[in-house]
Amino acid sequence: MNEALPLERVLIVDDHGLVRDGLRAVLLSSFPACEIAEAGSFSEALDQLEAQPDIDIVLLDLNIPDATRFSALEQLRGDFPSLPVVMVSGSYDRVTVRDALAAGAAGFLPKTLDRETILDAIQQILAGEIYVPQEFQTDAVAEEEESIRQLIENLTPQQRVVLGRLVAGRLNKQIAHELDISMTTVKAHVSAILCKLNVFSRTQAVILANKIGFDG
């Protein structure tokens, strides 16, 4: 694995203490200085996020009490759009993984994964990638590319132009100058692009665009 990206604060949301302990041990083995918060229910998770708004990533059990299926994920994506939320589950299938990603999950971690694979997955997610279990990756690539095309097609013409500039590495100031628009307008376009592409950052938007060769 390449040099580890920093991970400072994690929230583990699972109603089983043994699972939380296991994930904590795995994370601390690679990120010994990481601050790890825990919650045994979704309501506790919301309290933790309110008390610690600078959490880097959430590991969320698919079957957490006081939430139904992806309702917790969807609420977190709505309330904290820049926060990566990773679904964790002991039982899963192709449809569950697909639906989790469609609902905005930054990845899907089976509880059966070994330590190294979990850490590799976390690194991918920190780098802006979306982690999918190995057995689903071939199908997931084709589905993801088609999904990306549809998302980009739903952008307005001006938003697609701005996305093309992001792919080219332009800063907001440069985009404003090249398109002869205000910085406020550029920021509004970028925010709309992130929302429509269901991503957390400019980096992720560029990664998605590059996956289908979009350049504006």
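These legends accompany close-up views of a predicted model.

**View 1. The whole chain, with 10 helices and 5 strands.** The radius of gyration is 18 Å, close to the 17 Å that the globule rule gives for 216 residues, so the chain is as compact as a globular protein of that length. Along the principal axes, the C-alpha atoms fill a box of roughly 55 × 40 × 35 Å. Of the 216 residues, 42% count as buried. Among contacts with a separation of 6 or more, 66% join residues 24 or more positions apart.

**View 2. The open sheet of 5 strands.** The strand order is 2-1-3-4-5, and the pairing is parallel. Strand 2 (35-39) and strand 5 (107-110) form the edges, each pairing on one side only. From one strand to the next, the twist averages 20 degrees. Strands of a sheet pair through backbone hydrogen bonds, either parallel or antiparallel.

**View 3. Strand 3 beside strand 4.** Strand 3 covers residues 57-61, and strand 4 covers residues 85-89. The two pair in the parallel sense over 4 bridges. Leu 59 stands opposite Val 86 in strand 4.

**View 4. Helix 1 and helix 5 against the strands.** Helix 1 lies across strand 1 (9-13), strand 2 and strand 3. Its direction is at about 165 degrees to strand 2. Helix 5, residues 115-126, lies across strand 3, strand 4 and strand 5. Helix 5 runs at about 170 degrees to strand 5. Strand 3 is thus crossed by helix 1 and also by helix 5.

**View 5. Arg 20 in helix 1.** Helix 1 spans residues 17-30. Arg 20 has a relative accessible area of 17%. That value is under 20%, so Arg 20 counts as buried. The side chain of Arg 20 makes a polar contact with the side chain of Glu 38, at 2.9 Å. Glu 38 falls within the range of edge strand 2 (35-39). Not counting residues up to four places away in sequence, Arg 20 touches Ile 12, Asp 14, Asp 15, Glu 38, Ala 39 and Gly 40.

**View 6. Residues 148-213, a span annotated in UniProt.** The unreviewed UniProt entry lists these residues as "domain: HTH luxR-type". In the model, the span is 76% helix and 0% strand. The end C-alpha atoms of residues 148-213 lie 11 Å apart.

Methods
Residues numbered from 1 in each chain as written. Predicted model: local features only at pLDDT ≥ 70, side-chain atom pairs only at ≥ 80, totals over all residues. Heavy atoms only, no water. Buried < 20%, exposed > 50% of the residue type's maximum accessible area, 1.4 Å probe, protein only. Polar contact = N/O pair within 3.5 Å; in protein donor to acceptor, adjacent residues only side chain to side chain. Contact = heavy atoms within 4.5 Å. UniProt positions renumbered as here; feature names shortened; annotations may be inferred. Pairing = 2+ DSSP bridges. Axes fitted to C-alpha atoms, helices over the stretch in contact; angles between N-to-C directions. Rg over C-alpha atoms; globule rule 2.2 N^0.38 Å.
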